[in-house]
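Let's take a walk through a protein model together. Have a look at the picture below, and then we'll go through it piece by piece.

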Amino acid sequence: MAERAETAFRSGYAEPPAGRWAAPGRVNLIGEHTDYNDGYVLPFALPLRTVVAAARQDGPTWTVRSELADEPVTFTADEVTGPGRVTGWAAYVAGVVWALREAGHDVPGARLAIASDVPLGAGLSSSAALEAAVLAALVDLGGLDLPAEDRPRLAKRAENAYVGAPTGIMDQSATIRCRAGHALFLDCRTEAVEHIPFDLAAASLAILVVDSRAPHRHADGEYAARRATCERAADTLGVPALRDVSADGLAAALDRLPDDETRRRVRHVVTENQRVLETVDLLRAGGIREIGPLLTASHASMRDDFAITVPEIDTAVEAALAAGALGARMTGGGFGGCVLALVDADRTEAVAAAVTAAYSDRGFTPPTIFTALPAPGATPV
Ligand code: ADP
Ligand code: MG
């Protein structure tokens, strides 16, 4: 990917870049719809990544090319004075420039060329990978003082306020702060992170990621509805967020909720937070194989209580488990996206074949399947 970005830069700008910066896609191992409830998530970085080749150019002007777009986009300081002036894919780049300038940084003008093997819109966070790679490039080119722990918040601001996508802090934290062989335990309330050993290779395990290829059905509206239900329930319970309902306090909390649907939504969030904590405990103790049942329980909770899975996703999970996966679950916001399965390294092909066969039986568009080991976060390459 680094070579592709380099080539795109040289052919686009007829000069060599000053450097190349990579940022990975991510999957969330466990902890779904917990982020906006101030809870816990546990993502890890994928070997798939976005690479930006870049060099300074004179004046406050930025030119950006992507392999995915025919034409380069150029914008000047005037177009990054307020959110939303640059639209389309280049808004993610302009948003980073805007957020840096808003934070008082003297952002150098730059030419950028982007290459990526993170699939777009599959829930693997190509948007945060793009933001993080551009951010790393601009910080290094300008010699800006912005430590890694402050970067996720800035990239998130680019996406929330400039692009206008209401995401949490997980994606940007994962792509910037993850480490190879580790998952990133993130407390979405405090934004504190901890690197948890997740050395799949050493345990002769792998994560299989299945891109369901399911069309996103009403995902935005359903997401907003789940979020509103959770916020109303927290209000009813008199807590700042559902994170404040403990697993021990769940039964009492459910008794105070008005209807069965709200009770099921709350039960998902509270038990899901608990499953993240139990997964972290197991991983800390070296029990990597034992997390499988927690992954599978998370899936059942998303399917039955939170009602965010679709037939393609449930089919992939069931087929993976039947073929010997130690655990499997949907990952991401739901209504499509990806499934992950924890499998013995020597079973990856058999499990992948079983999922593909189950898809074919049901007449679904064939899935895309790849193996993932926890990769490093954003870095010059
Ligand atoms: P996800 O982050 O799950 O992949 P999003 O909808 O959040 O999905 O972000 C996808 C968008 O990010 C794309 O539609 C595009 O605008 C932008 N994007 C991501 N990667 C690239 C890239 N390599 N080149 C151009 N635009 C990209
Ligand atoms: Mg995204």
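Which residue in strand 5 is the bridge partner of Trp 62? It's Phe 75. Keep in mind that this is a predicted model, so treat everything here as a reading of that prediction.

**A hairpin to start with**

That pair of residues belongs to a neat little arrangement. Strand 4 covers residues 61–66 and strand 5 covers residues 73–76, and the two pair in the antiparallel sense over 4 bridges. Together, strand 4 and strand 5 make a hairpin, with 6 residues between them. If you're wondering what holds strands side by side in general, strands of a sheet pair through backbone hydrogen bonds, either parallel or antiparallel.

**A sheet of three strands**

Next, find the open sheet of 3 strands, whose order is 2-7-8 with antiparallel pairing. Strand 2 (40–41) and strand 8 (193–197) stand at the edges with a single partner strand each, so one side of each has no neighbour in the sheet. Strand 7 (residues 182–187) runs antiparallel to strand 8, and 5 bridges join the two. For one spot to look at, try Leu 184, which stands opposite His 195 in strand 8.

**Around the ligand**

Now for ligand 1. The space it takes is the largest pocket. Two elements give two or more residues to the shell around ligand 1: strand 6 (110–116) and helix 3 (126–142). Helix 3 provides the largest share of that shell, with 3 residues.

What kinds of residues make up the shell around ligand 1? They divide into 8 nonpolar, 7 polar and 1 charged. Of the 16 residues around the ligand, the ones that come nearest are Ser 66, Gly 121, Gly 123, Ser 126 and Ser 127.

Three of these names turn up again when you look at the oxygen atoms of ligand 1:

| Residue | Atom on the protein side | Distance to an oxygen atom of ligand 1 |
|---|---|---|
| Gly 123 | polar backbone atom | 3.2 Å |
| Ser 126 | N or O atom in the side chain | 2.7 Å |
| Ser 127 | polar side-chain atom | 3.0 Å |

How much of ligand 1's accessible area does the protein cover? On its own, ligand 1 has 570 Å² of accessible area, and the protein covers 78% of that.

To tie two parts of the picture together, go back to Ser 66: this residue is among those that come nearest to ligand 1, and strand 4, one half of the hairpin, spans residues 61–66.

Technical notes: Residues numbered from 1 in each chain as written. Chains lettered and ligands numbered in written order. Predicted model: local features only at pLDDT ≥ 70, side-chain atom pairs only at ≥ 80, totals over all residues. Heavy atoms only, no water. Near = heavy atom within 4 Å. Polar contact = N/O pair within 3.5 Å; in protein donor to acceptor, adjacent residues only side chain to side chain. Areas by Shrake-Rupley, 256 points an atom, 1.4 Å probe, with all protein chains shown as cover. 1 Å grid on protein atoms, 1.4 Å probe; cavity = no way out; pocket = protein on both sides within 12 Å on 5 of 7 lines; lining within 4 Å. Sits in = over half its atoms within 2 Å of the grid points. Nonpolar A, V, L, I, M, F, W, Y, C, P; charged D, E, K, R; others polar. Pairing = 2+ DSSP bridges.
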